[in-house]
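This report describes aromatic contacts and helix packing in the structure shown below.

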Amino acid sequence: MSPPAIDGGDDCYVGPSLEAAVAWEAGKPLSIEEEVEVAPPQAMEVRVKILFTSLCHTDVYFWEAKGQTPVFPRIFGHEAGGIVESVGEGVTDLAPGDHVLPVFTGECKECAHCKSAESNMCDLLRINTDRGVMIGDGKSRFSINGKPIYHFVGTSTFSEYTVMHVGCVAKINPAAPLDKVCVLSCGISTGLGATINVAKPPKGSTVAIFGLGAVGLAAAEGARIAGASRIIGIDLNANRFEEARKFGCTEFVNPKDHDKPVQQVLAEMTNGGVDRSVECTGNINAMIQAFECVHDGWGVAVLVGVPHKDAEFKTHPMNFLNERTLKGTFFGNYKPRTDLPNVVELYMKKELEVEKFITHSVPFSEINTAFDLMHKGEGIRCIIRMEN
């Protein structure tokens with residue numbers, strides 16, 4: 001569908017309504033609604049035509065609404081690629097026609113975090129999963145028959161058009177294929193950056209990856225790019241091991257196959273411990289194992305997975321005093337607007353292999369199939385084509 005015309009004096013579309021996949025209640029299949037109105041962008045906002053989107057575990061987690069504040073009806077989706085259709089007042093670095101990746105977190109470029117070379121945790125636009133409205137005026141840009149439909153993490157890409165704060169939109173090389181690089185706007189960059197930007201494995205080093213889902217495989221890809229000589233994948237599902245070889249994994253450990261702690265197994269495999277480890281499961285025991293398996297003197301462990309809110313990390317202080325380092329990371333330490341275009345260029349230069357993450361593709365009308373595939377644990381990423 002071509003971008004609809006806008007009546008300058010009105011905050012709604014003139015012309016046909018748009019399609020969006022609406023979650024009316026927790027855990028129920030999304031409904032393709034054809035009467036969704038998407039208001040024009042207000043100050044510091046942009047409206048984007050979404051061409052491709054994909055499903056991430058975070059969408060499923062909040063769609064199920066188990067243990068979180070339920071916000072419904074809602075339009076989910078946050079991994080996507082699209083083209084800017086219009087911009088609001090004050091937007092100067094984006095224009096209609098720009099190719100962009102929406103991002104669930106942002107970069108205002110003005111706060112202390114954005115001005116720091118060491119942080120990407122923007123004060124203004126940091127991820128907020130409970131907020132279902134725009135930060136500018138506290139209102140939703142989506143509605144059906146005048147009733148608001150709520151946003152998700154500032155992106156809501158399961159819609160033909162969406163409105164976002166300009167700080168959550170990364171302008172990328174227009175030559176980059178959006179049906180491929182759309183997966184870089186969340187999980188893949190998170191795992192990749194955790195290794196490259198935070199763990200920083202030296203060439204020839206040994207790296208352990210805990211959890212071989214999409215984020216863990218991206219972390220392994222980062223270790224491969226960095227030139228690690230041994231990349232050890234740790235997972236309870238042995239079916240993932242063969243797939244992980246495509247991402248650089250050279251060896252595998254299934255904790256169920258051993259009667260001793262995994263950190264001890266890894267220490268015996270590597271003459272005292274691995275040089276770097278990246279934990280991508282969110283399981284508190286795996287987090288502790290990832291830290292305790294690194295070599296004393298120089299080992300660095302990076303935590304990526306989000307643990308249960310009541311989880312406690314327990315380890316002996318001597319593990320720190322013996323010069324092991326523990327770090328955490330958010331979105332791979334990438335600043336969305338500044339750094340994500342460079343990640344896309346890694347793909348364009350054929351240094352980063354994106355296609356192997358994409359295992360399925362469905363038309364927008366079959367978006368619930370993507371949820372089914374994720375529930376079954378089949379595949380890594382499923383691309384959802386907005387134009388059926």
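## Phe-62 and its partners

In this predicted model, Phe-62 has a relative accessible area of 13%, under the 20% limit, and is therefore buried. Phe-152 is buried as well. The two rings form a tilted aromatic pair, with 5.8 Å from centre to centre and 50° between the planes. Phe-62 belongs to helix α1 (residues 57–64), whereas Phe-152 is located in the loop between β9 (147–149) and β10 (161–165); the pair therefore ties together parts that are 90 residues apart in sequence.

## The wider aromatic set

The count of aromatic pairs comes to 13. One of them joins Tyr-61 and Phe-62: the ring centres are 5.1 Å apart and the planes stand at 85°, so this pair is edge-to-face. Tyr-61 is partly exposed, because its relative accessibility is 45%. A single aromatic cluster comprises Tyr-61, Phe-62, Phe-72, Phe-76 and Phe-152.

A charge over a ring is found at Phe-247, where Lys-356 lies over the face at 5.0 Å from the ring centre.

## Packing of α4 and α5

Helix α4 (residues 187–199) and helix α5 (residues 214–226) have axes that come within 7 Å and cross at roughly 40°. The two helices are therefore oblique to each other, and their crossing is right-handed.

On the α4 side, the contact residues are Gly-187, Ile-188, Thr-190, Gly-191, Leu-192, Thr-195 and Ile-196. They meet α5 residues including Ala-214, Val-215, Ala-218, Ala-219, Glu-221 and Gly-222.

Conventions: Residues are numbered from 1 along each chain as its sequence is written. This is a predicted model: local features need pLDDT of at least 70, side-chain atom pairs count only at pLDDT 80 or more; totals for chains, interfaces and linings use all residues. Side-chain values use heavy atoms; hydrogens and water are left out. Rings of Phe, Tyr and Trp (its six-membered ring) pair if their centres lie within 6.5 Å; planes under 30 degrees apart count as stacked, over 60 as edge-to-face and the rest as tilted. Buried means under 20% relative accessible area, exposed over 50%, partly exposed in between (1.4 Å probe, protein chains only). Helices (H or I, at least four residues) and strands (E, at least two) are DSSP runs, numbered from the N terminus. A charge sits over a ring if NZ of Lys or CZ of Arg is within 6 Å of the ring centre and within 35 degrees of the ring normal. Axes are lines fitted to C-alpha atoms, for helices over the stretch in contact, and angles run from 0 to 180 degrees between N-to-C directions. Angles under 35 degrees count as roughly parallel, over 145 as roughly antiparallel, 65 to 115 as roughly perpendicular and the rest as oblique. A crossing is left-handed if the near helix is turned anticlockwise from the far one by less than a right angle, and right-handed if clockwise. Contact means heavy atoms within 4.5 Å.
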